[in-house]
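Hello,

The structure we spoke about is below, followed by notes on what turned up in it. Please read them with the model open.

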Amino acid sequence: MSEQLVKRLRELSNAVTRADWNEFSMRIPVEKDRDADFVLLQAADKIEALEADAARLREAMLDAVEKLNASE
């Protein structure tokens, strides 16, 4: 999913630089991998999840280092 999402984000970015606003049209029924609003929402959700994962991993690493230091 990430590769496809990144590819579409790049396409949307390029469309903005070309002022190609047709890339931002919305379909009925929705095409979740194409429609800009859904693509941007997926990207935001992915960034949020990655940041949460990074925070959890950082906390776990700090706890592990603290335990190692306490055992010395």
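A residue is called buried here when its relative accessible area is under 20%, exposed when it is over 50%, and partly exposed in between. By that rule, buried residues make up 14% of the 72 residues in the protein chain. Please keep in mind that this is a predicted model.

Overall form

The secondary structure of the protein chain consists of two helices and zero strands. Its radius of gyration is 19 Å, well over the 11 Å that the globule rule gives for 72 residues, so the chain is more spread out than a compact globule. Along the principal axes, the C-alpha atoms fill a box of roughly 65 × 25 × 15 Å. Of the contacts between residues at least 6 apart in sequence, 41% join residues at least 24 apart.

Helix H2 and the core

Helix H2 covers residues 36-71. At 1.5 Å a residue, its 36 residues should span 52 Å, and the end C-alpha atoms are indeed 52 Å apart. The buried residues of H2 are Ala36, Val39, Gln42 and Ala43. An α-helix has 3.6 residues a turn, so residues three or four places apart point the same way. What covers the buried residues of H2 includes H1, the helix of residues 2-17.

Which residues make up the largest nonpolar core? There are five in all: Leu5, Leu12, Ala36, Val39 and Ala43. H1 and H2 each supply at least two residues of this core, and the largest share, three residues, comes from H2. Leaving out residues up to four places away in sequence, Leu12 touches Ala36 and Val39 of this core, and also Glu23 and Phe24.

Gln42 is a polar residue of H2 that counts as buried because its relative accessible area is 18%, under the 20% cut-off. A polar atom of the Gln42 side chain lies 2.9 Å from the backbone oxygen of Lys32.

The loop between H1 and H2

Is Asp35, in the loop between H1 and H2, buried or exposed? Asp35 is buried, with a relative accessible area of 1%. Leaving aside neighbours within four places in sequence, Asp35 is in contact with Ser25, Met26, Arg27 and Val30.

Arg27 also has its place in this loop. At 36% relative accessibility, Arg27 counts as partly exposed, because that value falls between the 20% and 50% cut-offs. Apart from residues up to four places away in sequence, Arg27 touches Arg34 and Asp35. The side chains of Arg27 and Ser25 are joined by a polar contact of 3.4 Å.

Aromatic residues

How many aromatic pairs are there? The count comes to one. The pair is Trp21 and Phe24, with 5.9 Å from centre to centre and 45° between the planes, which makes it tilted. Trp21 is exposed, with a relative accessible area of 53%, whereas Phe24 is partly exposed, at 27%. Phe24 is also one of the residues that Leu12 touches.

Regards

Terms used: Residues numbered from 1 in each chain as written. Predicted model: local features only at pLDDT ≥ 70, side-chain atom pairs only at ≥ 80, totals over all residues. Heavy atoms only, no water. Helix = DSSP H or I, 4+ residues; strand = E, 2+ residues; numbered from the N terminus. Buried < 20%, exposed > 50% of the residue type's maximum accessible area, 1.4 Å probe, protein only. Polar contact = N/O pair within 3.5 Å; in protein donor to acceptor, adjacent residues only side chain to side chain. Contact = heavy atoms within 4.5 Å. Core = buried A, V, L, I, M, F, W, Y, C linked by side-chain atoms within 4.5 Å. Phe/Tyr/Trp six-rings, centres within 6.5 Å; stacked < 30°, edge-to-face > 60°. Expected span 1.5 Å × (residues − 1). Rg over C-alpha atoms; globule rule 2.2 N^0.38 Å.
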